[in-house]
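The following exercises ask you to read ligand contacts and helix packing from a structure, and each is followed by a worked solution. Please look through the sequence and the coordinates before you begin.

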Amino acid sequence: MAAERLRNRPCGGRYGDIVQSIGNTPLVELPNLSPKPGVRIWAKLESRNPTGSVKDRVARALIEDAEEKGAIAPGQTILEPTSGNTGISLALICKLKGYRLKVVMPENVTPERTQLLSMYGAEIVYSPGDQGSNGAVAMALEMASADPSCYMPYQYGNQANPNAHYNGTAVEILEELDEVAAFVAGLGTGGTLMGNGRRLKETFGDAVKIVAAEPMQGEPVQGLRSLDDGFIPPIIDISLLDRKIFVTNHDAIVWTRKLLDEEGLFAGVSTGAIASIAVRIAGELEEGNVVFVVADDGWKYLSSGIYTLPVEEVENLESTVWW
Ligand SMILES: Cc1ncc(COP(=O)(O)O)c(C=O)c1O
């Protein structure tokens with residue numbers, strides 16, 4: 001019976017290769033963050049994917065979708081703009097499936113991202129740091145139109161991105177919980193919110209609230225975007241969101257540290273932003289399950305120092321110090 005329960009779960013199960021082991025991530029309760037006994041807060045640990053982020057699901061879906069459509073063949077160059085995680089996931093998958101990968105990314109992302117991309121053999125093209133991920137998107141679109149032999153999956157406009165969540169992440173959440181009062185995730189491409197949002201609304205109707213954590217304009221949090229910055233990814237259907245709540249860079253950092261200190265959860269900075277909103281929503285409820293997504297783990301942000309500084313120093317940090 002125990003063996004049956006562990007089938008295809010991260011601590012058990014058996015997979016033919018690392019790509020097949022993507023997904024099936026744990027859903028972990030965070031009891032110390034719960035504001036009242038009837039409200040339970042759950043973290044979906046997408047950080048437990050092979051390269052440490054939610055984007056492993058998406059990268060696999062983007063490449064397999066292109067393969068199924070006959071749009072790519074091994075040996076071809078894949079080109080994608082990314083703030084880091086999608087690039088790292090694509091790099092792993094392209095390496096194993098025999099594609100070349102070129103990623104366009106802002107020059108001011110943390111050095112760990114560059115190292116991880118190089119480690120899997122990707123070529124990196126840097127876009128101006130002050131233009132953020134919008135600058136990377138613009139540059140990649142230009143490069144793709146200049147070189148038609150490249151294939152650009154374009155996660156911002158490709159339905160395979162939300163579908164990876166509709167057919168994966170959300171199904172796994174529903175296998176574990178009979179009721180979800182709120183689902184909270186960060187807004188990057190919008191894939192996580194759209195895919196999970198659609199499946200959870202189909203299951204629970206209006207009883208589930210889909211909540212986006214959005215950075216304040218001009219206060220970037222790596223992996224997230226403000227819709228006020230002038231680019232709304234084509235896969236986003238705003239009407240699926242019940243709420244969109246702003247998070248400051250400062251709160252993202254403070255909550256990243258709270259997750260570590262109070263729950264032992266070593267997560268990336270966007271997860272701090274997302275957790276702060278999840279706890280706020282939980283405080284507004286009388287009962288129910290609040291699920292939030294841990295988009296990645298903390299390894300790529302270690303150089304920022306936020307995990308090891310005395311907590312008072314973290315509280316006093318000026319925002320936008322590292323990116
Ligand atoms: C660290 C991190 N958090 C959150 C997100 C947001 O996910 P999505 O693109 O599905 O909106 C991303 C996406 O790039 C990310 O890299």
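**Exercise 1.** Determine which of the 16 residues around the ligand come nearest, and then examine the polar contacts of the ligand's oxygen atoms.

*Solution.* In this predicted model, Lys55, Gly188, Thr189, Thr192 and Ser270 come nearest among the 16 residues around the ligand. Turning to side chains, an N or O atom of Lys55 is 2.7 Å from an oxygen atom of the ligand, while for the side chain of Thr189 the corresponding distance is 2.6 Å. The backbone also takes part, in that an N or O atom of the Gly191 main chain lies 3.5 Å from a ligand oxygen atom.

**Exercise 2.** Describe how helix 2 (residues 55-68) and helix 6 (residues 160-176) cross, and which residues meet.

*Solution.* The two axes come within 8 Å and cross at roughly 130 degrees; helix 2 and helix 6 are therefore oblique to each other. The crossing of helix 2 past helix 6 is right-handed. From helix 2, Arg57, Val58, Ala61, Leu62 and Asp65 meet residues of helix 6 that include Ala164, His165 and Glu172. Sorted by class, this contact has five nonpolar, four polar and three charged residues.

**Exercise 3.** Work out the packing of helix 8 (residues 249-263) against helix 9 (residues 269-284).

*Solution.* The axes are 7 Å apart at an angle of about 85 degrees, and because angles of 65 to 115 degrees count as roughly perpendicular, helix 8 and helix 9 are roughly perpendicular to each other. Helix 8 contributes residues including Trp255 and Leu259, and helix 9 residues including Val269 and Val279. By class, this contact has eight nonpolar, four polar and no charged residues.

Notes. Residues are numbered from 1 along each chain as its sequence is written. This is a predicted model: local features need pLDDT of at least 70, side-chain atom pairs count only at pLDDT 80 or more; totals for chains, interfaces and linings use all residues. Side-chain values use heavy atoms; hydrogens and water are left out. Axes are lines fitted to C-alpha atoms, for helices over the stretch in contact, and angles run from 0 to 180 degrees between N-to-C directions. Helices (H or I, at least four residues) and strands (E, at least two) are DSSP runs, numbered from the N terminus. Angles under 35 degrees count as roughly parallel, over 145 as roughly antiparallel, 65 to 115 as roughly perpendicular and the rest as oblique. A crossing is left-handed if the near helix is turned anticlockwise from the far one by less than a right angle, and right-handed if clockwise. Contact means heavy atoms within 4.5 Å. Ala, Val, Leu, Ile, Met, Phe, Trp, Tyr, Cys and Pro count as nonpolar, Asp, Glu, Lys and Arg as charged, and the others, Gly among them, as polar. A residue is near a molecule or strand if one of its heavy atoms lies within 4 Å of it. A polar contact is a pair of N or O atoms within 3.5 Å; within protein, one must be able to donate a hydrogen and the other to accept it, and residues adjacent in sequence count only if both atoms are side-chain atoms.
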